[in-house]
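This report addresses the overall make-up of one protein chain, its internal and surface spaces, and selected side-chain arrangements. The sequence and model are shown below.

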Amino acid sequence: MTVLKKSQPTKLVLFTALTTALMITSGCQSLKTANATNQPIGTVQEQPKKLESFNITGKIGVTTPSKDNSGNQGGSAFYAWGQQNDRFAIELIGALGIGKTNIEYNGQSATLVSEKTGTLTADDPETLLKKATGWQAPISQMPYWISGRPAPSDSAPQLDDQNRLISSVNGEWQANFSYKGNDKLPNKISAMQSQGNKVVMTIDHQKQ
């Protein structure tokens, strides 16, 4: 995995930009209600609800198998992520080989802007990221996983003795969660596919 030399982005500047972007994209759109916030997980009744608003920063690393069987390829980036309901804005610095990148999702469509690709649009952020970089990442599941709970389409969630999510399966993705001390929200998510795609995301939860 490539190690970046660039310094982590200034949180205040990034969050100001993210908040502005989210306010612009919200407009008068009606918001979708997350249908998983009250879903029981097995017999457990005290799982955390999905966070409808959060600001996080950290580093994301992506590994993917090469097309010519020459071994795995990787890249990494510092990120700032602002979420409001179903809308989010992500800013990536040193973004996986395509330069500074912004990804926005308004609940219905996604837009990616980078120095290398210009502006791209798609129905979902996963399609955008793959189109721009070739990388695969379960972006749509992340707001749930960041909240410490399974996504609606997850299966086989596993909890630790503190009732915290430690693993879950979503299609071809197997996700594992790490926590700092007794924190209820994860500070690291690792997701991988059997084909060799892997995403590792460190998380610094910012106070609202």
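## Charges over aromatic rings

A charge is taken to sit over a ring if NZ of Lys or CZ of Arg is within 6 Å of the ring centre and within 35 degrees of the ring normal. In this predicted model, the charged end of Arg164 meets that condition over the ring of Tyr179, at 4.5 Å from its centre. Lys50 likewise lies over the face of Tyr144, with 5.1 Å to the ring centre.

## Overall make-up

The protein chain contains three helices and twelve strands. It has 208 residues, of which 47% count as buried. Among the contacts in the chain with a separation of 6 or more, 46% come from residues 24 or more positions apart.

## Aromatic pairs and their cluster

A pair of aromatic rings is described by the distance of the centres and the angle of the planes. The count for this structure comes to four aromatic pairs. One of the pairs is formed by Phe54 and Trp81; it is tilted, with 6.2 Å centre to centre and 40° between the planes. Phe54 belongs to strand 1 and Trp81 to strand 2, so this pair ties together parts that are 27 residues apart in sequence. Phe54 and Trp81 are both buried.

Trp81 also pairs with Phe88, again in a tilted arrangement, at 5.2 Å centre to centre and with 40° between the planes. Phe88 is buried, as is Trp81. Through ring pairs, Phe54, Trp81, Phe88 and Tyr105 are linked into a cluster.

## The enclosed cavity

Rolling a probe the size of a water molecule over the atoms shows where empty space is left. A search of the whole structure yields one cavity of 30 Å³ or more. The largest cavity holds about 160 Å³ of space.

Which residues lie nearest the centre of the largest cavity? They are Ile60, Trp81, Ile90, Leu92 and Ile139, out of a lining of 13 residues. Trp81 thus appears both in this lining and in the aromatic cluster. By class, the lining comprises 13 nonpolar residues, with no polar and no charged ones. Strand 2 (72-84), strand 3 (87-93) and strand 11 (198-202) each contribute at least two residues to the lining of this cavity.

## The second largest pocket

The second largest pocket encloses about 240 Å³ of space. Its lining is made up of Thr64, Pro65, Ser66, Lys67, Gln73, Lys130, Thr133, Gly134, Trp135, Gln136, Gln195 and Asn197. At least two of the lining residues come from strand 1 (53-65), and at least two from helix 2 (125-133).

How do the residues of this lining divide into nonpolar, polar and charged, and what is the number in each class? Two are nonpolar, eight are polar and two are charged.

## Gln141 in a loop

Gln141 is located in the loop between helix 2 and helix 3 (142-146). Is this residue buried or exposed? Gln141 has a relative accessible area of 14%, and buried means under 20%; Gln141 is therefore classed as buried.

When residues up to four places away in sequence are not counted, Gln141 touches Glu126, Ala151, Ser153, Asp154 and Asn170.

How values were computed
Residues numbered from 1 in each chain as written. Predicted model: local features only at pLDDT ≥ 70, side-chain atom pairs only at ≥ 80, totals over all residues. Heavy atoms only, no water. 1 Å grid on protein atoms, 1.4 Å probe; cavity = no way out; pocket = protein on both sides within 12 Å on 5 of 7 lines; lining within 4 Å. Points joined across faces, edges and corners; volume = space filled by probe spheres on them. Helix = DSSP H or I, 4+ residues; strand = E, 2+ residues; numbered from the N terminus. Nonpolar A, V, L, I, M, F, W, Y, C, P; charged D, E, K, R; others polar. Buried < 20%, exposed > 50% of the residue type's maximum accessible area, 1.4 Å probe, protein only. Contact = heavy atoms within 4.5 Å. Phe/Tyr/Trp six-rings, centres within 6.5 Å; stacked < 30°, edge-to-face > 60°.
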